[in-house]
Amino acid sequence: MLPRMEHKAQLLTNRLFLRPVEAGDAAAVAALITPAVAAWTETWPDRLSVAGAAARINDSRRHTAQRVGIDWGIFLKPELLLIGWIGLKRSPTSVSRLR
């Protein structure tokens, strides 16, 4: 059974569950970000505290509300273990297609 979510948007596959990141994901996001993971990213620090993850999630939710981007958590089913984060952001120079 999937947990109650703040958002109705979701994507389900046989192995994965994707949904917008939520405030309750902060500890899992912080645990996910290690120097080895961050080395493959351009926008994440080497280490991330729970407070830092919460701030990043708040930024994500603000971007979604402003329709400039969206970030989703990628969870492995059935245990719903957070294994990744994917985000799309509109470029300041792009034509708006998020309306």
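This short talk describes the salt bridges in the structure shown above.

Good morning. Please keep in mind that the model is predicted. As a general principle, side chains of opposite charge can pair when their charged atoms come close. In this structure, there are 4 salt bridges.

Let me begin with Arg19. Its salt-bridge partner is Asp25, and the closest N and O atoms of the two lie 2.7 Å apart. Are these residues buried or exposed? Arg19 has a relative accessibility of 7%, so it counts as buried, the limit being under 20%. Asp25 is buried too, with a relative accessible area of 7%. The pair does not stand alone: Arg19, Glu22 and Asp25 are joined in a network of salt bridges.

I turn next to helix H3, which covers residues 50-65. Here Asp59 forms a salt bridge with Arg62, with 2.9 Å between the closest N and O atoms. How many residues separate them along the helix? Asp59 and Arg62 are 3 residues apart, which means that about one helical turn lies between them. Asp59 is partly exposed at 33%, and Arg62 is likewise partly exposed, at 41% relative accessibility.

Finally, consider Asp71 and Lys89, whose side chains meet in a salt bridge of 2.8 Å, N to O. This pair links distant parts of the chain, since Asp71 belongs to strand E3 (residues 69-76) and Lys89 to strand E4 (residues 81-89), 18 residues apart. The two ends of this bridge fall into separate classes: Asp71 is buried, at 6% relative accessibility, whereas Lys89 is partly exposed, at 46%.

Thank you for your attention.

Notes:
Residues numbered from 1 in each chain as written. Predicted model: local features only at pLDDT ≥ 70, side-chain atom pairs only at ≥ 80, totals over all residues. Heavy atoms only, no water. Buried < 20%, exposed > 50% of the residue type's maximum accessible area, 1.4 Å probe, protein only. Helix = DSSP H or I, 4+ residues; strand = E, 2+ residues; numbered from the N terminus.
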